[in-house]
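User: I am new to this structure and would like a close look at a single part of it, the places where a charged side chain meets an aromatic ring. Please take me from there into the surroundings, step by step.

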Amino acid sequence: MALGTPTKRSVTIAGHETSISLEPLFWHALERAALDEGLPINALIALIDVERLEAQGETPNLTSAIRQWLFLRQRGA
């Protein structure tokens with residue numbers, strides 16, 4: 001599957017709307033992860049956001065945090 005052009009979607013996190021731009025490959029992986037976790041995609045993104053904000057050191061933006069989370073999940077970390 002090719003990465004493709006980033007697609008912007010609006011999601012609601014903690015009652016606030018935000019836009020996230022991800023390539024279709026990452027949207028597909030995120031949707032699959034949400035299904036695997038039994039969560040709506042917004043809830044999974046909210047959990048990733050909480051982990052991002054609680055992390056030590058420099059905090060990546062949310063889009064980068066999602067990509068990193070998906071990468072680590074794929075690696076089984």
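Analyst: Arg-9 lies over the face of Trp-27, at 4.2 Å from the centre of the ring, in what is a predicted model. A second arrangement of this kind involves Arg-67, whose charged end sits over the ring of Phe-26, 5.4 Å from the ring centre. Both count as a charge over a ring because the CZ atom of the arginine has to be within 6 Å of the ring centre and within 35 degrees of the ring normal. As for rings facing other rings, a search of the whole structure finds 0 aromatic pairs.

Phe-26 and Arg-67 also lead into the packing of two helices, since Phe-26 is one of the H1 residues in the contact with H3, and Arg-67 is one of those that H3 contributes. Helix H1, residues 24–37, and helix H3, residues 62–75, pack at an angle of about 60°, with 11 Å between their axes, and H1 passes H3 in a left-handed crossing. On the side of H1 the contact is made by Phe-26, Ala-29, Leu-30, Ala-33, Asp-36 and Glu-37, while H3 brings Ile-66, Arg-67, Trp-69, Leu-70 and Arg-73. Sorted by character, the residues of this contact comprise 7 nonpolar and 4 charged ones, with no polar residue among them.

Turning to the strands, Thr-12 is found in strand S1, and Thr-12 is called partly exposed because its relative accessible area of 33% falls between the limits of 20% and 50%. Leaving aside neighbours within four places in sequence, Thr-12 is in contact with Glu-17 and Asn-42; Leu-44, which is 32 residues from Thr-12 in sequence, lies 11 Å from it in space, taken from C-alpha to C-alpha.

In the loop between strand S1 (7–13) and strand S2 (16–22) comes Ala-14, whose phi is near 50°, a positive value in a residue other than glycine. Ala-14 has a relative accessibility of 72% and therefore counts as exposed, the cut-off being over 50%.

Asp-49, by contrast, is buried, with a relative accessible area of 12%, which is under the cut-off of 20%. The place of Asp-49 is in helix H2, residues 41–54, and, with neighbours within four places in sequence left aside, Asp-49 is in contact with Ile-13 and Leu-62.

Terms used: Residues numbered from 1 in each chain as written. Predicted model: local features only at pLDDT ≥ 70, side-chain atom pairs only at ≥ 80, totals over all residues. Heavy atoms only, no water. Helix = DSSP H or I, 4+ residues; strand = E, 2+ residues; numbered from the N terminus. Buried < 20%, exposed > 50% of the residue type's maximum accessible area, 1.4 Å probe, protein only. Contact = heavy atoms within 4.5 Å. Axes fitted to C-alpha atoms, helices over the stretch in contact; angles between N-to-C directions. Left-handed = near helix turned anticlockwise from the far one by under 90°. Nonpolar A, V, L, I, M, F, W, Y, C, P; charged D, E, K, R; others polar. Phe/Tyr/Trp six-rings, centres within 6.5 Å; stacked < 30°, edge-to-face > 60°.
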